[in-house]
Every structure is written in structure tokens, then in C-alpha cells.
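Student: I've got the structure open and a list of labels I'd like to challenge. Can we go through them one by one?

Tutor: Sure, pick a label and we'll test it.

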Amino acid sequence: EVRSRCAEGACLVRCRRRLYDLSSFVRLHPGGEQLLRRRAGTDVSDALDGPPHRHSANARRWLEQYYVGEMESGDEQCFTVGFPPFSFQSYPEPVNKKEVDATAQTPPQMDPRCKTVDEEKDLVDWRKPLLWQVGYLGEKYDEWVHQPVDRPIRLFHSDILEYLSKTAWYVVFMVWAPVVLYLSWVSYTSLAQGNTRLFSSFTTEYSIPVHKYYFPFIFLLGMFLWSLLEYLIHRFVFHMKPPASNYYLITLHFLLHGQHHKSPFDSSRLVFPPVPASLVMGFFYGILKLMLPEVLGLSVFVGGLCGYVIYDMMHYYLHYGSPKKGTYLYGLKAYHVKHHFEHQKSGFGISTRFWDHPFRTLIPEETFEKED
């Protein structure tokens, strides 16, 4: 059975006696799809321990979600690339009787990843919206939210709110790319009139004219400032540690970012919905308008807006793309996945690792020392 499924394109691997079907995960693997497919039909026990990379406890826990069965005694030696004949025993779950009974209660129309959950183990009931449950986890919340799972999350009871909380990646580009183009044209043509001067509110004699030829540099400045803002928001807002006794702050954290760390490959929640994004952007535009001449502030803002669009597109690609090994995006994907699975208190740069250097939150390079 395994031999025929691998021949059809499935990706089944063994870790000692346990069999796993990674077919749905191969495109998401940070090491690349081809690397994982080359492992199809082999024992990955040594690969998990490294070199070149020792997989984290979260990665090993993630693997268990794809468990399909267990080798019968004596079949381990047969599980090789050539696929000589072998047999295996298939179990619904390698767990205790309580979980087996819970699995038997799963409604047939339910997503197989949404099996009935043992609340004593998983802490929350995945059949119900999670947003109103997580606040009761208290001290257990921080550890729970940083143990990722491959299953969809429902946040709200209301179908309308649930629908509005999800955004396809292309919606961000379709909504904001025309805005960037239009505001860029407005900024450039306004600067071309020659009426914009820096420091004109303080002095007329020493004010500095801002020519239209400066627009590309002002635009790039906005993109640069966005990269800093991206880092600061990710580190100090999205990764704040809410007090264990505060139900509302825990709930807010889960809504803003915790749900993404709990289910990092939920494709419908990898980019920011346009409506709340517009409110945040309006706030920052108001600050720029107070600090700078109107046209100059708009020019900086549109550069920052472009930086945001690039960030959101890149964030989606780092989760769902398969960049070529050795490229910048390949390294960035591996870096970001490490942030999710092992280094949640570092690696806050997403579109760039630049700000992790001066703020000393760079994820260290792995120095491999194999352990038993």
C-alpha cells in the first residue's frame, strides 16, 4: 500500500517504527519540497537529529499530526527507497483509549484535521470558537500558543465576523496596489508645482525647497521607515506577553497574532484584512501629516504603504512558497519558520533581517552538535 501511494506522488516516511504521510506538507517544508520528496520511503530518524539541522521539539510534535500507522515487528529493515514488500499496522491514533473514543465520535462531515479534541490534553475545544476560550488558559496560554498545529482555527461564533476575519493574499495587492500608484502620482505632481518647502513653518529665509526629483528618495525613505515599524510592531505588540490573570489582554493577543502562531499555515489568516489595516494606516498618516508638510508627509506615507504591501506578500510567500535553495527568500523562509517553531523571542524581522542586528534579536546560526 505504501509503495503504491508513493508511486502515485504521496510522501510517506518512517521514524523508527512509526509511519507518517507528509503529502500535504511537502510544499510547506522550509527545507524545500524536493528535499522532503527525496526522503519519501526512507527512515527520517537521523535526518530529524541532523546534520545539518536538528529539528525542534515543536517540529517533532508537528510531525505527529501526520501519523498513519506503525510498522509490524521485523518490517523495519524492509523500509527502503526500493520499497521491497512489507506490511504495517494502521491505528487511528497512537494515544490512550480516551482519545480513540473521542476520534470515534467525530462527525463524518468534519475536516479530518478537526478531530474531536481531548480538552484535558489540548486545553481548548476545537469544535467551538477559540477566541473566547483562550483567555481562560491563564499561565498555560504562552506555552500553548507557541505549540503550532496544522488545523484551521475558528475565532467567532458569527459567520459574518468569521468571514471578515479571513483574507486571501491577492486581496491585499488588489486593494492597496492601486492606492499606492494613485498616491504616488498625486505626490509627484504636487511636488512638481514647486510649492513644498521643508521647515517653512519655522523660518522662511532658511526653508529648504523639495523638488519633484526628490520623490524617489522620499518614497524609499518611507519604505525604510516601514521596515522599522514592521519590526517594532511585531516585537512589542504582536509578541507582548499578556498577564496570565488578564482575560481580555490574552484574548486581544490571540486575535492580533497568537492565532497565527498557533496555526501558522492557515492560508486565510496570513495577511491583514483591508478594513482594520486602513484604520492603522490612517493613524500613521495623521502622525506624518502633523510632523511634515502635507505633500512631503504623503510621499513618505505612500512609500511606507508600498513597504507594507511587499511585507504582506512576502509573509504569505514565506509560509506557502517554495523558493529555490541558496536564494535570499530561501534563507528568509527558513529564518521565519525558526521563529515560529523554536525562536519565538527572536527573529522578528520578516521582510528583512536588518533590524534584528542592531536590536540584538537575530536568530543565531546553528552550530551542530549531535545528541543522543
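Student: Why is Glu64 called partly exposed?

Tutor: This is a predicted model, so take every value as computed from it. Glu64 has 35% relative accessibility. Buried means under 20% and exposed means over 50%, so Glu64 at 35% counts as partly exposed.

Student: What makes Arg18 and Glu64 a salt bridge?

Tutor: Their closest N and O atoms are 2.7 Å apart. The cut-off is 4 Å between a Lys or Arg side-chain nitrogen and an Asp or Glu carboxyl oxygen, so the pair qualifies. Arg18 lies in strand β2, while Glu64 is in the loop between α4 and β3, so the bridge ties together parts that are 46 residues apart in sequence.

Student: What about Arg60 and Asp49: how do you know which of them is buried and which is partly exposed?

Tutor: Asp49 has a relative accessible area of 18%, so it is buried, given that buried means under 20%. Arg60 is partly exposed, with 29%. Their side chains meet in a salt bridge at 2.8 Å, N to O. Arg60 lies in helix α4 and Asp49 in helix α3, so this pair ties together parts 11 residues apart in sequence.

Student: How many salt bridges are there in the whole structure?

Tutor: A search finds 10. One of the bridges joins Glu162 to Arg269, with closest N and O atoms 2.7 Å apart. Glu162 lies in helix α8 and Arg269 in the loop between α11 and α12, so the pair ties together parts 107 residues apart in sequence.

Student: Are Glu162 and Arg269 buried or exposed?

Tutor: Buried. Glu162 has 4% relative accessibility and Arg269 has 6%. The cut-off for buried is under 20%, so both labels hold. Glu162 and Arg269 also belong to a salt-bridge network with Lys166 and Asp266.

Student: Moving on to α12. How do you know that its buried residues line one face?

Tutor: The buried residues of α12 are Pro274, Ala277, Met281 and Leu288. Down the helix axis they fall within an arc of 55°, so they line one face. They pack against α9 and α13. Turned away from that buried side are the exposed residues Val275, Leu279, Phe283 and Leu290.

Student: What span would you expect for α12, and what does it reach?

Tutor: With 18 residues, 26 Å is expected at 1.5 Å a residue. From first C-alpha to last, α12 reaches 25 Å, close to that.

Student: Which residues make the nonpolar surface patch?

Tutor: Phe236, Val237, Leu249, Leu252, Leu255 and Leu256, covering about 450 Å². Two elements, α10 and α11, each give two or more residues to the patch, and α11 gives the most, with 4.

Student: What makes Leu255 accessible enough for a patch?

Tutor: Leu255, in helix α11, has a relative accessible area of 35%. Patch residues need over 30%, so Leu255 passes that cut-off while still counting as partly exposed.

Student: Last one: why is Phe224 called partly exposed?

Tutor: Phe224 has 41% relative accessibility. Exposed starts over 50% and buried is under 20%, so Phe224 counts as partly exposed. Phe224 lies in helix α10 and touches Phe354 and Trp355, leaving aside residues up to four places away in sequence.

Methods: Residues numbered from 1 in each chain as written. Predicted model: local features only at pLDDT ≥ 70, side-chain atom pairs only at ≥ 80, totals over all residues. Heavy atoms only, no water. Buried < 20%, exposed > 50% of the residue type's maximum accessible area, 1.4 Å probe, protein only. Contact = heavy atoms within 4.5 Å. Patch = residues over 30% accessible without salt bridge, like charges linked within 9 Å, V, L, I, M, F, W, Y side chains within 5 Å. Areas by Shrake-Rupley, 256 points an atom, 1.4 Å probe, with all protein chains shown as cover. Expected span 1.5 Å × (residues − 1). Arc of directions from axis to C-beta.
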